Amino acid sequence: MTDKLTGAAGRQYVAEAIRHSLSSGDLSPGQRLVENDLAESYGATRGAVREALQDLAAEEIVEIVPRRGARVRAVSVDEAIQITECRSALEQLCAMKAATQASQAQRTELRQIGAEMQQAVADGAVHTYSILNQRLHELVVEASGQEVARRQLDRLNGPMVRFQFRLALRPGRPAQSLQQHLAIVDAIAGGDATAAARATAAHLEDVIEQLRSSAAMPSAPVPTRA
């Protein structure tokens, strides 16, 4: 008898644990993912680990190489830019729909997130800012009610999960992106669909410029969320 995690619960736990290890930098692009080691680290059965790796491969977060096992999939700057371009089109759609469809509670939460982001910048709390940043983008999609866009965005962001906090952690980046995020908040909370799309487009174009600049710095991490 074993007390290791197994079945659907074990599969989900291992997948989430690997995503967290990627975003925190504990796992690196190209790093091998050995089933036995992961099972030991996460207290799960090899079966649960194998299924989790298959799920992550479907999301293009890892790649499974025949006779060599699984490894973290590397994402080039060029691919990151293309992903962000696709993300921009979808997020503009979501921002427009959120401006007209968000509930009062969602508009209130957006404004609260904006206020907390301002405070995080004032306090120099970059990790807090990054978490709020992620929640803001998620809430805009939720408020839009656009489930097809949400699924596509989840898939687009999957391959770059390791880097989702990296841009916000760059020195000076939170202060730089704060006004962009506040413009998105103000437009959606105020019900202005055109301004919401415009603010979202401007923000993600800036993310693309940051990605392009990272191409000149090989050792720099590739950002995705901003």
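Setting aside neighbours within four places in sequence, Ile188 is in contact with Ala95, Ala98, Ala99, Arg107, Leu110, Val140 and Ala196. In this predicted model, Ile188 also belongs to the largest nonpolar core, a set of 40 residues in which Ile188, Leu110, Met117, Leu136 and Val140 are the ones with the most contacts. The elements that contribute two or more residues to this core are α4 (77–101), α5 (104–123), α6 (126–144), α7 (147–157), α9 (173–189) and α10 (193–214). Of these, α4 gives the most, with nine residues. Apart from this core lies another, made up of 20 residues, including Val14, Leu38, Ile61 and Val62. As general background, nonpolar side chains in soluble globular proteins tend to be buried together.

It helps to step back to the chain as a whole. The chain contains 10 helices and three strands, and these follow one another along the sequence in the pattern α-β-α-α-β-β-α-α-α-α-α-α-α. Of the 226 residues, 47% are buried. Among contacts with a separation of 6 or more, 76% join residues that are 24 or more positions apart. The chain exposes about 11,100 Å², and carbon and sulfur atoms supply 50% of that area.

Helix α6 deserves a visit of its own. With 19 residues at 1.5 Å a residue, α6 should span 27 Å, and the 27 Å between its end C-alpha atoms agrees with this expectation. Many familiar side-chain types turn up among the buried residues of α6: Tyr129, Ser130, Leu132, Asn133, Gln134, Leu136, His137, Leu139, Val140, Val141, Ala143 and Ser144. Two of the buried residues named there, Leu136 and Val140, are among those with the most contacts inside the largest nonpolar core. Just after α6 comes Gly145, which takes a positive phi of about 70°.

The three strands form an open sheet with the order β1-β3-β2 and antiparallel pairing. Strands β1 (32–33) and β2 (62–65) stand at the edges with a single partner strand each, so one side of each has no neighbour in the sheet. Between β1 and β3 (residues 69–72), the antiparallel pairing runs over two bridges. Here Leu33 stands opposite Ala70, while Arg32 has Arg71 as its bridge partner. On the other side, four bridges join β2 to β3, again in the antiparallel sense. Arg71 of β3 is the bridge partner of Glu63 as well. The hairpin of β2 and β3 has three residues between the strands, and in this hairpin Arg67 takes a positive phi near 70°.

Ahead of the sheet in sequence, the loop between α1 (7–24) and β1 holds Ser28. At 29% relative accessibility, Ser28 counts as partly exposed, the range for that class being from 20% to 50%. Ser28 and Arg73 are 45 residues apart along the chain, yet 8.8 Å separates their C-alpha atoms.

Finally, a word on confidence. The pLDDT averages 88 over the chain, and 90% of the residues score at least 70. Among the elements, α5 has the highest mean pLDDT (97), whereas helix α8 (residues 166–169) has the lowest (65). For residues 218–225 the pLDDT is below 50, although this stretch has 31 contacts in the model beyond near neighbours in sequence.

Key:
Residues are numbered from 1 along each chain as its sequence is written. This is a predicted model: local features need pLDDT of at least 70, side-chain atom pairs count only at pLDDT 80 or more; totals for chains, interfaces and linings use all residues. Side-chain values use heavy atoms; hydrogens and water are left out. A nonpolar core is a set of buried Ala, Val, Leu, Ile, Met, Phe, Trp, Tyr and Cys residues joined through side-chain atoms within 4.5 Å. Buried means under 20% relative accessible area, exposed over 50%, partly exposed in between (1.4 Å probe, protein chains only). Contact means heavy atoms within 4.5 Å. pLDDT is the predictor's confidence in each residue, from 0 to 100. The expected span of a helix is 1.5 Å times one less than its number of residues. Accessible areas come from the Shrake-Rupley method with a 1.4 Å probe; for residues, only the protein chains shown count as cover. Two strands pair if DSSP finds at least two bridges between them.
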